Amino acid sequence: MAAVTDDGASAPAIVELDITADTCPLTFVRTRLTLDSMAEGGVLIVRLQAGEPHRNVGRSVRALGHAVASEVAHADGTIVLIIRKKAG
């Protein structure tokens, strides 16, 4: 659901997805299904394990034309990706 800004325009939805318990290729499958259900310009915050899941999800999301706006590593071995869904 999109939020409404002060000027009445709709702001893109922000969705969070925790796939730290999943393994490849399910990590990307769940990420893609979530992105597919979102409106253009929406923001997806994905928490996943470092290593293969991080490499595969990041690479695949970029290959589909989405933007990875941020990647933050945490002390517990997880990574948080902030992905903006492409327009069109």
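These points concern the sheet and helix H1 of a predicted model.

1. The sheet is an open one of 4 strands in the order S3-S4-S6-S5, and its pairing is mixed. Its edge strands are S3 (14–18) and S5, each of which pairs on one side only. Averaged over neighbouring strands and with direction ignored, the turn of one strand against the next is 15°.

2. Strand S6 (residues 78–84) is mostly covered, with 5 of its 7 residues buried. On one side S6 pairs with strand S4 (residues 43–49) in the antiparallel sense over 7 bridges, and it also pairs in the antiparallel sense with strand S5 (residues 67–73), here over 6 bridges.

3. Val80 in S6 is a useful residue for following these pairings, since Arg47 stands opposite Val80, and Val72 likewise stands opposite Val80. A further bridge partner in S6 is Ile79, which is matched with Ala73.

4. The hairpin formed by S5 and S6 has 4 residues between the strands, and in this hairpin Gly77 takes a positive phi near 90°.

5. Helix H1 (residues 26–36), which includes Leu33, lies across S3, S4 and S6 and runs at about 165° to S3.

6. Which residues make the nonpolar surface patch of about 260 Å²? The patch is made by Leu26, Val29 and Leu33. Leu33 has a relative accessible area of 55% and is therefore classed as exposed, the cut-off for that class being over 50%.

How values were computed
Residues numbered from 1 in each chain as written. Predicted model: local features only at pLDDT ≥ 70, side-chain atom pairs only at ≥ 80, totals over all residues. Heavy atoms only, no water. Patch = residues over 30% accessible without salt bridge, like charges linked within 9 Å, V, L, I, M, F, W, Y side chains within 5 Å. Areas by Shrake-Rupley, 256 points an atom, 1.4 Å probe, with all protein chains shown as cover. Salt bridge = Lys/Arg side-chain N within 4 Å of Asp/Glu carboxyl O. Helix = DSSP H or I, 4+ residues; strand = E, 2+ residues; numbered from the N terminus. Buried < 20%, exposed > 50% of the residue type's maximum accessible area, 1.4 Å probe, protein only. Pairing = 2+ DSSP bridges. Axes fitted to C-alpha atoms, helices over the stretch in contact; angles between N-to-C directions. Contact = heavy atoms within 4.5 Å.
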